[in-house]
Number of protein chains: 2
Amino acid sequence: MGFWKSLFTTSDAASSQTASTGGYIAEAKGVDENARIFFSTDRTIDLYELEELCDAVGWSRRPIRKVRKAIQNSFLVITMWEQKGNRRRLIGFSRATSDHAFNATIWDVVVHPDSQGKGLGRALMNQLIKKLRSEDISNVTLFADPDVVNFYKQLGFMPDPEGIKGMFWYPD
Amino acid sequence: MGFWKSLFTTSDAASSQTASTGGYIAEAKGVDENARIFFSTDRTIDLYELEELCDAVGWSRRPIRKVRKAIQNSFLVITMWEQKGNRRRLIGFSRATSDHAFNATIWDVVVHPDSQGKGLGRALMNQLIKKLRSEDISNVTLFADPDVVNFYKQLGFMPDPEGIKGMFWYPD
């Protein structure tokens, strides 16, 4: 069974079979010819490796305990890996919360700086959207920092559709 | 044990004890003197009664099966009830999805038209926020239709903070 099939036909979002069965994205540009790019929905992630990835893009450190809890309670987690020979490196991460029925919200999309500009962020997001749609989620949402609004627009996300505003609560 | 205590000290968001143990909001304005207003986190809701409430505010009908699934998979559900004598009527509903660690997103906030303009929507939201904060959720978010942006502003929600945009995915 091909990789994509094994990734996207399973109803178990926490399936652990995908990282090892492999496959790669033909359309990824500028990727080292000796490297293969893999996606996985496996949640048994080395959280220190994830922290390293988040450090690389300058995110604030978050308690590992809470990151673990957030991953466990996300509806979907998709990681992106670069494999060269026997070495596999985490180069991307994304997750979504959901009510499993109508709405999903995407959080913590990150691609390692060395892997940016190669279409991999786009590929990661497309996998996330494809999986959410296959689960019959109709409303896929996110909150975008100003510098990535155009990136998400190119993927089909619209800011403030029909005047709907994203809002954040601030303590008094 | 007082109502508020029984509602907000339980760690089980699906606790069923609250609707019947009762208590009422002193600050609710213009409420019939013979009526008491209750909040509950109990999820065993008559989904046809909920549909009736959503019909009353003109929402599009949604499949009961999916509504049930969404309620089951929400992090928190808070309903608001008006009790007169032995009769209890569902007059408000709200729910939130979450990763149980960092982020929550509020969906489906509804107050029956007969109960609007009395501070009850505000009271419902305050309970929701209070409960989310008590669970150590730091990022409380929502997507607001244009006509309710000011309502949420008054509750402490800010649109597009630091230029962060709410975005929705639309199929090609």
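For the entries below, I count Ala, Val, Leu, Ile, Met, Phe, Trp, Tyr, Cys and Pro as nonpolar, Asp, Glu, Lys and Arg as charged, and the others, Gly among them, as polar. I note at the outset that the model is predicted.

**Entry: pocket lining**

I applied these classes to the lining of the second largest pocket and obtained 19 nonpolar, 9 polar and 6 charged residues. I recorded a volume of about 1200 Å³ for this pocket. Among its 34 lining residues, I found Trp59(A), Asp108(A), Val109(A), Phe143(A) and Asp145(A) closest to the centre. I then listed the elements that supply two or more lining residues: strand 4, helix 5, strand 5, helix 6 and strand 7 (165-169), each in chain A. Strand 4 of chain A contributes the most, with 6 residues.

**Entry: nonpolar cores**

I turned next to the largest nonpolar core, which holds 29 residues. Those touching the most other members are Met80(A), Ile106(A), Met125(A), Leu132(A), Leu142(A), Tyr152(A) and Phe157(A). I noted that strand 7 (165-169) of chain B supplies at least two residues to this core, as do several elements of chain A, including strand 2 (76-84), strand 3 (87-98) and helix 6 (149-154). Helix 5 of chain A gives the most, with 7 residues.

I looked up the contacts of Ile106(A), leaving aside residues up to four places away in sequence. Its partners include Met125(A), Leu128(A), Leu132(A), Leu142(A) and Phe157(A), and also Arg95(A) and Thr141(A).

Finally, I recorded a second, separate core of 28 residues, with Met167(A), Leu124(B), Ile129(B) and Val140(B) among them.

Conventions: Residues are numbered from 1 along each chain as its sequence is written. Chains are lettered from A and ligands numbered from 1 in the order in which they are written. This is a predicted model: local features need pLDDT of at least 70, side-chain atom pairs count only at pLDDT 80 or more; totals for chains, interfaces and linings use all residues. Side-chain values use heavy atoms; hydrogens and water are left out. A nonpolar core is a set of buried Ala, Val, Leu, Ile, Met, Phe, Trp, Tyr and Cys residues joined through side-chain atoms within 4.5 Å. Buried means under 20% relative accessible area, exposed over 50%, partly exposed in between (1.4 Å probe, protein chains only). Helices (H or I, at least four residues) and strands (E, at least two) are DSSP runs, numbered from the N terminus. Contact means heavy atoms within 4.5 Å. On a 1 Å grid over the protein atoms alone, a cavity is a set of points where a 1.4 Å probe fits but cannot get out, and a pocket is an open set with protein on both sides within 12 Å along at least five of seven lines; lining residues have an atom within 4 Å of a point. Grid points are joined across faces, edges and corners, and a volume is the space filled by probe spheres set on the points.
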